[in-house]
Amino acid sequence: MELKKILIFGAGGFGREVQWLIERINQKELVWQIEGYLDDGTEPGTEINGYKVLGGIEELQRYDNSVSVVCAVGSAKVREKIVSRIKQIGQFQFPNLIDPDVQNSQFVSMGEGNIVCVGNILTVNISMKDFVILNLSCTVGHDVVIESFVTVYPGVNISGCTLLKKGVELGTGSKIIQGKVIGENTIVGAGAVVVRDLPSDCTAMGIPAKPIKFFGGGYKKLLIMGASGHGKVILDLVQKIGIYQDVFFLDDDEALVKKHKFVIGTSDFPLKYYGEADVVVATGDSNVRKRIQEKYEKNEVSLVTLIHPEAVLPEETIQIGKGTVIMAGAVIQTGAKIGKGVIVNTSASIDHECKIGNFAHISVGSHLAGNVVIGENTWIGIGAIVNNNIRICDNVVVGAGAVVVKDIVESGTYVGVPAKKI
């Protein structure tokens with residue numbers, strides 16, 4: 001019998017595991033002839049566990065539609081982009097690769113391009129769409145629906161009647177109780193226990209799992225634009241979240257780029273390497289932050305919003321814009337609306353129904369009473385207090401320790417108790 005040719009796209013750790021999966025299938029019944037690896041980030045000719053990297057994605061132009069391709073990339077977002085590019089090159093086959101050790105009933109339906117690794121148990125009436133990855137030793141209960149480009153990492157337990165929407169990632173050892181819905185592109189952290197439905201576009205961690213980070217792209221690499229003190233605080237926040245595999249700094253001070261190996265480029269770096277990482281702008285100056293973030297938005301850079309696990313937010317999802325950072329100890333009450341590119345600093349509090357404009361900075365230990373409106377590019381200084389129902393216009397600086405007791409309708413700097421313009 002003539003063997004079917006297959007190419008493995010992705011020469012990382014999971015690619016090697018997929019090679020082993022194919023070899024295990026061949027041990028039971030000789031089906032596949034592995035042609036080699038494709039990877040845009042690995043030097044052609046590199047040998048990996050007995051097979052060579054043949055080139056990047058453009059190497060597929062040498063093959064016809066009789067060749068099968070498996071996309072062995074864990075990140076849901078990246079995998080979707082790669083599959084889209086492959087389909088633009090040609091009409092290749094995307095087989096379902098299922099380890100011989102997998103236990104599943106006859107009542108499991110699959111689309112194309114799915115990977116089910118050793119040790120998985122799938123019970124009855126399960127629907128799995130396209131390009132799903134079920135990593136090692138997971139369990140999937142009855143009537144579960146898994147939409148396309150979902151990644152389930154090792155040791156996950158999914159109870160019956162669960163719906164995993166497109167692009168979901170379930171971290172190692174996480175557990176989903178029965179009947180829950182997890183929204184598109186949401187990441188569930190390692191070891192989390194999901195007992196409530198989760199919204200789209202967030203990361204949820206803990207027991208029970210709560211959304212702690214709302215984001216744009218969901219990549220495994222993060223670039224922090226700004227290598228100063230504020231950037232280092234954001235690095236600590238990122239390490240607490242524990243989602244990103246790689247974190248690097250950017251800075252427009254070229255001396256820092258040359259001096260520190262962890263500063264890998266300037267603010268233009270994400271424009272050149274589009275689609276590889278999430279980015280957060282860690283610059284305290286509101287005008288600089290606005291300029292850089294709006295440049296990124298124009299070029300569709302994946303801007304991330306970070307929420308420290310020790311910040312206190314209501315159970316229901318509040319409105320938070322892209323690029324906003326909420327630090328440890330911050331408290332935000334129900335009905336608040338936070339714009340894009342905002343900094344809510346350590347131990348600041350924002351009461352019910354407050355509205356914070358784009359690129360505002362709510363400094364350390366400052367307090368906003370209920371129903372306060374803060375304009376764009378406005379800075380509320382350390383320890384400042386804003387009384388309830390106050391309106392503050394755009395481009396205002398409220399000095400450290402000031403107390404605002406009446407509306408501010410003119411841009412400028414305001415200090416004192418009560419706060420007055422200087």
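**Close-up views of strand pairing in a predicted model**

**View 1. The hairpin of strands 3 and 4****.** Ile 48 stands opposite Tyr 51 of strand 4. The model is predicted, so local features need pLDDT of at least 70 and side-chain atom pairs pLDDT 80 or more, while totals for chains, interfaces and linings use all residues. Residues are numbered from 1 along each chain as its sequence is written, and side-chain values use heavy atoms, without hydrogens and water. Strand 3 (residues 47-48) and strand 4 are antiparallel and joined by 2 bridges; two strands count as paired if DSSP finds at least two bridges between them. Strands (E, at least two residues) and helices (H or I, at least four) are DSSP runs numbered from the N terminus. The hairpin has 2 residues between its strands, and Asn 49 in the turn has a positive phi of about 50 degrees.

**View 2. Strand 4 beside strand 2****.** Strand 2 (residues 32-38) runs parallel to strand 4 (residues 51-55), with 2 bridges between them. Leu 38 has Gly 55 of strand 4 as its bridge partner.

**View 3. An open sheet of 5 strands****.** The strand order is 8-11-14-17-20, with parallel pairing. Strand 8 (108-110) and strand 20 (181-182) are at the edges and have a single partner strand each, so one side of each lacks a neighbour in the sheet. Strand 17 (residues 163-164) is joined to strand 20 by 2 bridges, and Leu 164 is partnered there with Ile 182 of strand 20.

**View 4. A β-α-β unit and the strand that follows in the pairing****.** Strand 25, helix 3 (residues 229-241) and strand 26 form a right-handed β-α-β unit; right-handed means that, with the strands pointing away from the viewer, the path from the first strand over the helix to the second runs clockwise. Strand 25 (residues 221-225) and strand 26 (residues 246-250) are parallel and share 5 bridges, with Leu 222 opposite Val 247. Strand 26 also pairs in the parallel sense with strand 27 (residues 263-265), over 2 bridges. The bridge partner of Leu 250 in strand 27 is Gly 265.

**View 5. The protein chain that holds these details****.** The chain has 6 helices and 47 strands, and its C-alpha trace spans about 85 × 50 × 30 Å along the principal axes. Of its 422 residues, 49% are buried (under 20% relative accessible area, 1.4 Å probe, protein chains only).

Methods. Buried means under 20% relative accessible area, exposed over 50%, partly exposed in between (1.4 Å probe, protein chains only).
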